[in-house]
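Please work through the exercises below with the sequence and the structure open beside you. Each exercise sets a task and is followed by a solution that goes step by step.

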Amino acid sequence: MLLLKNGTLISPAGSRVGDLLIDGEKIVRISPSIESEPSWEVLDVSGKLIFPGFIDPHTHFDLHVAGTVTVDGFASGTKAEIAGGTTTVIDFGTAYPGETLNEGLDNWFAKAAEGCSSDFGFHQTITEWNERISAEIPDMIERGASTFKIYMTYDTKIDDCSILKLLKRLKECGTTTGCHCENSGLIDALRDEYSQDERIRKVSSHYLTRPAAAEAEAIGRFCHLAEIAETPVIDVHLTCLEGLLEIRHARERGQKVYVETCPQYLMLDDSRYENPDFDEAAKYVCAPPLRKKADQEALWAALRDGEIETVATDHCSFTREQKRLGIDDFRKIPGGMPGAETRGIVIYSEGVAKGRISREKMCEVLSENPARLYGLYPQKGTLREGSDADLVILDPEGKTIIDQKTQVSKSDYAPLQGMELQGAIAQVYLRGEKVAEHGTVLKEGRGRYVKRKCPEFF
Ligand code: DUC
Ligand code: ZN
């Protein structure tokens, strides 16, 4: 038994000082005061905030992108996550065209077999639509990969006809999908144009060929397809106000649309791409790209107001050397950046400590909402009796400096390098076991697969 005494227990409904008792892997009692027994381990956490372990529902470990593979696989990716307080990740398994969904999922289980330091699950990415794939949806749900992902851009995209059919089928099966919304045709036309002259060697061409309008149009179209299918849907990695306006329109029509954003879109803007040093600018290449400062403010306000339900990382990490694949052609820069170990503390420091959002909202968007939306609740995402003892003990008086030299991710840069943050992730517990302390992972490979239920549409 482990008794945590006098911590501030955070939940979306409110926070209170109290004691929390862990027996093995589970939280067994929460009360304003629990009398300890001689055989128990007791930890005084006065002044500390106790969050349910964070959930990262958007990672890309061991993913092939633009002729290379992300530098973090499941071992280093989940180790980075656990260092930063994320106790469960949901990665995207992918069935490439011609593969069955079961084969795609098998491949992702094999990738994760190298060992995970956080608990883990999978969404299944669908890259084509036909009767065979449709028939396999119940298998995915049965295997716990109960939510899906589709792309409206990249080689993995599916067309509107397929999206509508898929949405109807997922509705029938009691689930839904997340979507990467960007207008592929618009982007392709601009990329063709920008690759005709010297702009082909400019990193800035990346963001100039993926404007907010491309994202907003695709979000609007995706929402209208969901309107016709009469089903809730998820927009992953929202970056901009224009896209948010489309979400608002859908909600005004009475639709349920769940929205995710990521710390990079809250913290960084597109001026990063204008750096004349290729290595510096290419660090930030991701899709959708970073936007304007006004978009960051709109996203913070939307988080505060409950218009964004989850904050994920979209951790998709490369080294600077890998980014150099695109030194002569911006279209070949692998897209994505690391962020696994910094998400929680960035949201605390820049959100809670700066007064943009409450600590209860932080708990909602990092823990409870992803647990509910992705079928993990109440096993995960909440501090309650019977739930897994996945805990983050956050010291609000601590300080964190982001430094690539001390990060766990194998990437050789940190997008927020040098940032001084208020607060520190003091300890992380995974199912009752202390697995990380002050950024150091104490126990590796303790993660297990979590079979997820279908979403709760709150
Ligand atoms: N965007 C990225 O930047 N990387 C991986 C996948 C994605 O959608
Ligand atoms: Zn992604």
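**Exercise 1. Determine which residues of helix α13 are buried, and how α13 is placed against α14.**

Step 1. The buried residues of α13 are R343, G344, I345, V346, I347, Y348, S349, E350, G351 and V352, where buried means under 20% relative accessible area, exposed means over 50%, and partly exposed lies in between, with a 1.4 Å probe and protein chains only. Helices here are DSSP runs of H or I with at least four residues, strands are runs of E with at least two, and both are numbered from the N terminus.

Step 2. Because ten of the eleven residues of α13 (residues 343–353) are buried, this helix is largely enclosed by the rest of the structure.

Step 3. The axes of α13 and helix α14 (residues 359–373) come within 10 Å and cross at roughly 150°, the axes being lines fitted to C-alpha atoms, for helices over the stretch in contact, with angles running from 0 to 180 degrees between N-to-C directions. The two helices are therefore roughly antiparallel, given that angles over 145 degrees count as roughly antiparallel, under 35 as roughly parallel, 65 to 115 as roughly perpendicular and the rest as oblique.

Step 4. On the α13 side the contact is made by R343, G344, I347, Y348 and V352, and on the α14 side by R359, M362 and L366, contact meaning heavy atoms within 4.5 Å. By class, this contact has five nonpolar, one polar and two charged residues; Ala, Val, Leu, Ile, Met, Phe, Trp, Tyr, Cys and Pro count as nonpolar, Asp, Glu, Lys and Arg as charged, and the others, Gly among them, as polar.

Step 5. Just after α13, G355 takes a positive phi of about 80°.

The model is predicted, so local features need pLDDT of at least 70 and side-chain atom pairs count only at pLDDT 80 or more, while totals for chains, interfaces and linings use all residues. Residues are numbered from 1 along each chain as its sequence is written, chains are lettered from A and ligands numbered from 1 in the order in which they are written, and side-chain values use heavy atoms, with hydrogens and water left out.

**Exercise 2. Describe the crossing of α4 and α7 and list the residues that make the contact.**

Step 1. Helix α4 (residues 160–172) and helix α7 (residues 212–229) have axes that come within 9 Å and cross at roughly 45°, and they are therefore oblique to each other.

Step 2. From α4, the contact is made by D160, I163, L164, L167, K168 and K171, and from α7 by R221, F222, L225, A226, I228 and A229.

Step 3. Sorted by class, the contact of α4 with α7 has eight nonpolar, no polar and four charged residues.

**Exercise 3. Place F278 and P289, and find their contacts beyond four places in sequence.**

Step 1. F278 lies in helix α10 (residues 278–282) and, at 11% relative accessibility, counts as buried. Apart from neighbours within four places in sequence, F278 is in contact with V203, K323, R324, G326, I327 and I333.

Step 2. The C-alpha atoms of F278 and S204 are separated by 9.6 Å, although these residues are 74 residues apart along the chain.

Step 3. P289 is in the loop between α10 and α11 (293–304) and counts as buried at 0% relative accessibility. Leaving aside neighbours within four places in sequence, P289 is in contact with E182, H206, Y207, R210, T239, Y265 and Y273.

**Exercise 4. Find where the backbone has cis peptide bonds and positive phi values.**

Step 1. Most residues other than glycine have a negative phi, and most peptide bonds are trans.

Step 2. The peptide bond from A287 to P288 is cis, with omega near -10°, and P288 lies in the loop between α10 and α11. A cis peptide bond also joins Y377 and P378, with omega about 0°; P378 is found in the loop between α14 and β16 (391–401).

Step 3. D62, in the loop between β6 (54–59) and β7 (64–65), has a positive phi near 55° and is partly exposed, with a relative accessible area of 22%. A66, in the loop between β7 and β8 (68–69), has a positive phi of about 45° and counts as partly exposed at 42% relative accessibility.
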